[in-house]
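Trainee: I am new to this structure and would like a close look at one part of it.

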Amino acid sequence: MPVMDFGDALNLALREEMRRDPRVYCIGEDIVLGVPFGVTKGLVDEFGPERVLNAPISEAAIVGSALGAAMTGLVPVVDMHFADFVTCAMDEVANQIAKSRYMFGGQVDCPLVLRMPYGIGRSGGGHHSNSVEAWFVNIPGLKVCIPSTPADARGLLKTAIRDPDPVLLFEHRGLYRVTGEVPEAEALVPLGAADVKRRGRDVTVIATARMVHEGLEAARRLAEEGVEVEVVDPRSLVPLDRETLAASVRRTNRVVIAEEGPMRGSTGAWLTWVIMEECFDDLDAPIARVAGPNIPIPFSPPLEKFATPDADAVVAAVRQVLK
Amino acid sequence: MYAGMLRVRLFEERVRELFAGGRIPGFLHTSVGQEAVAVGACAALRPDDYVLSTHRGHGHLVAKGGSLGGLMAELYGKANGICHGKGGTMHIADASVGYLGANGVLASGCVLAPGVGLSIRQRKSGQVVLTFFGDGAANRGPFHEGVNLAALWKLPVVFLCENNRWASTTAGALSAAGGSIARRAAGYGIPGDSVDGNDVLAVHDAVSRAVARARAGEGPSLVEAHTIRWVGHFEGDPQVYRGKDEVAEGRRTDPIARLEQTLRARALLDDAGARRIRDGITAEIDAAVAHAEASPLPEARDALTDLFAYYPWRD
Ligand SMILES: Cc1ncc(C[n+]2csc(CCOP(=O)(O)OP(=O)(O)O)c2C)c(N)n1
């Protein structure tokens, strides 16, 4: 299987889908040159400026126009530049995109994708580094996925583009240069299909995006002590694959839920409830959570490090549920 | 256009009565007095052209040719309303006539419109999209973003500001800097027309020019139509913020009476003709009300449908 990085896998997915379906187009700030993460680099050479649209710095118009286009026959893929900026188009996402199909009684489809580069790292500071997926999981009418590997990123983006509903794809910017095998074949990843990233019998770590890698690192360290950690990646939060998560917990009976976003009001809190509902009788210990502190992401490296949940935090949480 | 304006007027008046009688839930904004804008504009469009509307959108939908029965049943919150009771007065859409939605959020249509324009261009369908918005809405950011984008990319969009002098209880003069919405067009390098919005022919002319320009690939235009809202911002609004003289002025400049006079002066309409038109419309509205009254309310569990086109899961 070819090896490529996460960003190139997304670029490949865009190329493949734009070749397959002439209705698909990309829009965003600076996407012709693929600034800042390179995902859309070179697309304009193959598809031209009519399908790779550099937009003015007008988040509301970028996202709102995507809905107008989606309702009338196109399939827009919006690059949000940094997910933090989605607040400038929050009406368009939360009121317009999420609700149009429902309020209009199913009269219109809304096949669009919002690519959401997000996440902590490299002193991006408070306006460029936050994990905001929980905001959108709380909005009925949106599908939300969050890949951790290049293969999943490509497969999920392709599925998202083919989906008749609005899908948000959260791309952790710390993962863009992470490499992995990507299948030669199409390899769509369905929404609502979790993936067991590592087998283990003692503790289930449910983790998303960058935290999957921290979870795997924690598992390697703990394996040296004879503790076998299973790492399960939901891959999409809406819809959620409850069955795969629950089946893992029924094998291990102990759970750590790890995410990067703030602890309060988070997706991890919701997953905790899902596990309680599905597996309360199977739990041998209270669920432990790893998440960020309830602060905006700070700038200075030691402060940023404080705000970054890592493998150490996962190791500590695993020890806690094993006590 | 005479019949069109009368259809909007009589529909809105009936809706007000039904609301006062407790038949229609929610909070209701009607467009009594503003008919010339809806009708003059929609008459300049092809049936397959698109319209994006506002919280005060019934008139726009009636003028675009939406079914009165489907609209009325939706206002009642009935299961066979055009949106199955999910939308209601401020969130109605009727895709079958290109009406892509009223909007409960002011100016949102201004940013959806460029996307509709992009899809028109990509499909080479020769359509046009017209978005209505109020003078109050023109002070929100999406208005500026939408006009800029459409102008930048020469998209087939018509921005139509329905200036009825008030944004809820706040006078336009106290909220819009520069004193004119139409003049803002200059900043984006597009035509900005200011017309008497109580003169249906003037609205029709201005919008027709804008539509022709859009269809010819020359890009968007902004039209500001000055009109008067005869009734409260919402039904039940005590209107303490304005004088009675303004409503009297509205009635003096009634767009329907005005066109009727012109038609009679040219012997295009007589008493019998006027009565026939009115009776025909009244019968249509009676039928719409009967349809809405006879329709069932949705089942509570219907609240869980229509969220997604494709559900791969069970919750
Ligand atoms: C973004 C947003 N802010 C506030 C409101 C509340 N609101 C509803 S109608 C209205 C006044 C609108 O005035 P205008 O745009 O001139 O339209 P008109 O009511 O005069 O037709 C306000 C403030 C809203 N619906 N959306």
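Trainee: Of the 15 residues around the ligand, which come nearest?

Mentor: This is a predicted model, in which local features need pLDDT of at least 70, side-chain atom pairs count only at pLDDT 80 or more, and totals for chains, interfaces and linings use all residues. Residues are numbered from 1 along each chain as its sequence is written, chains are lettered from A and ligands numbered from 1 in the order in which they are written, and side-chain values use heavy atoms, with hydrogens and water left out.

The residues that come nearest are B:His55, B:Arg56, B:Gly136, B:Asn164 and B:Trp166, out of 15 around the ligand. A residue is near a molecule if one of its heavy atoms lies within 4 Å of it. The shell around the ligand divides into five nonpolar, seven polar and three charged residues. In this division, Ala, Val, Leu, Ile, Met, Phe, Trp, Tyr, Cys and Pro count as nonpolar, Asp, Glu, Lys and Arg as charged, and the others, Gly among them, as polar.

Some distances can be given atom by atom. B:Trp166 has a backbone N or O atom 2.7 Å from an oxygen atom of the ligand. For B:Gly104, a polar backbone atom is 2.9 Å from a nitrogen atom of the ligand. B:His233 uses its side chain: a polar atom there lies 3.5 Å from an oxygen atom of the ligand. The protein buries 74% of the 590 Å² that the ligand exposes when taken alone; these accessible areas come from the Shrake-Rupley method with a 1.4 Å probe, and for residues only the protein chains shown count as cover.

Chain B also touches chain A. The contact (heavy atoms within 4.5 Å) takes 45 residues from chain B and 47 residues from chain A. About 3,600 Å² is buried between the two chains, and carbon and sulfur atoms give 63% of this area. Buried area is the accessible area (1.4 Å probe) that two parts lose on being put together, summed over both. On the side of chain B, B:Glu145, B:Leu307 and B:Phe308 lose the most area to chain A, together 15% of what that side buries. The count of salt bridges between chain B and chain A is zero, where a salt bridge is a side-chain nitrogen of Lys or Arg within 4 Å of a carboxyl oxygen of Asp or Glu. The side of chain B that touches chain A divides into 25 nonpolar, 12 polar and eight charged residues.

Notes. Polar contact = N/O pair within 3.5 Å; in protein donor to acceptor, adjacent residues only side chain to side chain.
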